[in-house]
Amino acid sequence: MDIKQQRLYLIASGMINAVGANAAMVNAAINAGISGYQLTACFNKRRKPIRMANIPSDVLEPLDEGLAEVAQVHPGHAHMVRIASQALRECLANYTGTRPIPLFMSCPETIPRANPRIHQDFIQHLQIQSKANIDIKNSRKFATGRAGGFQALESAFQYLASAENEFSLVGGVDSYQYCLQQLSVLDDEDRLLVEEAAEGFVPGEAGAFVLLASAKTLEKYQLSSALTIAYPCEASEKGHRYSQQPYSGDGLANAFHGALANAPELAVGTIYTSLNGENFGSKEMGVALMRNSGRISADVVIKHPADCFGDIGAAFGPVLLGLMGKAKTCSAIAYCSSDTEYRSAVCAWK
């Protein structure tokens, strides 16, 4: 069978962000319209406090003693290890297998003039913190921001295409805490939603993971699935935010087209988005909808949960998959757009 016609199944999920310490809490908070936005002690260039959507510090478990030196040198990296560990433990709470599971991990992208926010050994450090049985050899990171979660999902499909492989993990983490230089760059570009700003986004933070299985594994262990996931599609936007080329909207439109082609049986009733409040994202979604209108319901529901938990960057993909899994009904396409060229989309249903 063509790999693009194969399906994966969501067995479990785990997440943490500003509105909830686990997947059920996050889903309930979003359904209730609860916001995690708060003014912080960080000030922008006009001496206005920056709004952020941070996880309460008392929710996170202490950092493993073996990572103390890492925290001294790279506090933001260590903070994201703590966030990711909590979500990963929830995701694997009922997993009883003994075979190591590969992790395909979405990580923060680096925008021009900003420093990287995580470092090469993130998955190894996550294993130390979480004590999870991760197959380090077959794991991989995608430091491409919002689109990285569905890029990671594609690698999970490729891994599970082998008959001998049974489970895989797709995860994502992001945070702007301890990353003042990144916030300064965004502030210089007038991208932060501060007082008197006409537009912008609220930096959030989150960790999220989904445990996936193939159809054969589902049948072998008589597992129940919360979501059926089609093969994702990724594309490139040449006219992205940091490019000198003209913006056309081709990237997201092509990602939509490819994702829909991989799920010909699906009638899309809902769109889950990484929209964060910036006009740039709204424009490209409009292009994508217009060019793919034949496959999308005229009364489609558009969900943009960043209104509740802020822009969670590289964690968006796994969070959206987890939210679709928690929904009572689902016949949806989800998409994520990075600040740079990367665009990705995937179809999923109950």
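Two residues are in contact when heavy atoms of theirs lie within 4.5 Å of each other. The views below show a predicted model.

**View A. Helix α4 and what covers it.** Helix α4 runs over residues 122-130. Which of its residues are buried? They are F122, I123, H125, L126, Q129 and S130. Looking down the axis of α4, these buried residues fall within an arc of 160°, so they line one face of the helix. Several elements help to cover them. Among the helices are α2 (68-73) and α3 (75-91). Among the strands are β4 (103-106), β5 (140-142), β6 (167-174) and β7 (206-214). The backbone then changes: just after α4, K131 takes a positive phi of about 65°.

**View B. The whole chain.** The chain has 11 helices and 13 strands. Its radius of gyration is 19 Å, close to the 20 Å that the globule rule gives for 350 residues, so the chain is as compact as a globular protein of that length. Along the principal axes, the C-alpha trace spans about 60 × 50 × 40 Å. How much of the chain is buried? Buried residues make up 57% of the 350. Now take the contacts with a separation of 6 or more: 78% of them join residues 24 or more positions apart. The accessible surface comes to about 14700 Å². Carbon and sulfur atoms account for 50% of that surface.

**View C. The largest nonpolar core.** In soluble globular proteins, nonpolar side chains tend to be buried together. Here the largest nonpolar core holds 44 residues. Which of them touch the most other members? They are L153, L212, I229, L321 and M324. Helix α5 (residues 148-160) gives this core its largest share, with 7 residues. Another core, of 29 residues, lies apart from this one. Its members include I16, L92, L169 and F209.

**View D. A closer look at M324.** M324 is one of the residues that touch the most other members of the largest core. Leave aside its neighbours within four places in sequence. What remains in contact with M324 is L227, Y272, C330, A332, A334, A348 and K350.

**View E. T270 in strand β10.** Strand β10 covers residues 268-272, and T270 lies in it. Is T270 buried or exposed? At 15% relative accessibility, T270 counts as buried, because the cut-off for buried is under 20%. Again, set aside the neighbours within four places in sequence. T270 is then in contact with V300, V301, K303, S331, A332 and I333. A332 also appears in the contact list of M324.

**View F. Cysteines without a disulfide.** The count of disulfides comes to 0. Start with C91: the nearest cysteine sulfur, that of C107, is 16 Å away. C91 is buried, with a relative accessible area of 2%. Where is the closest cysteine sulfur to that of C179? It sits in C42, 11 Å away, which is too far for a bond. The cut-off for a disulfide is within 2.5 Å. C179 counts as buried too, at 8% relative accessibility.

**View G. A215 in helix α7.** Helix α7 spans residues 215-220, and A215 lies in it. A215 is partly exposed, with a relative accessible area of 42%. Which residues touch A215, once neighbours within four places in sequence are left aside? R7 and Y9 are in contact with it. A215 and W349 are 134 residues apart along the chain. Their C-alpha atoms are separated by 15 Å.

**View H. R47 and E196, with positive phi.** Neither residue is glycine. Where does R47 lie? It is in the loop between β2 (38-43) and β3 (49-52). Phi of R47 is near 60°. At 69% relative accessibility, R47 counts as exposed. E196 has its place in the loop between α6 (180-188) and β7. Phi of E196 is near 75°. E196 counts as exposed, at 68% relative accessibility. The cut-off behind the word exposed is over 50%.

Key
Residues numbered from 1 in each chain as written. Predicted model: local features only at pLDDT ≥ 70, side-chain atom pairs only at ≥ 80, totals over all residues. Heavy atoms only, no water. Buried < 20%, exposed > 50% of the residue type's maximum accessible area, 1.4 Å probe, protein only. Helix = DSSP H or I, 4+ residues; strand = E, 2+ residues; numbered from the N terminus. Arc of directions from axis to C-beta. Core = buried A, V, L, I, M, F, W, Y, C linked by side-chain atoms within 4.5 Å. Rg over C-alpha atoms; globule rule 2.2 N^0.38 Å. Areas by Shrake-Rupley, 256 points an atom, 1.4 Å probe, with all protein chains shown as cover.
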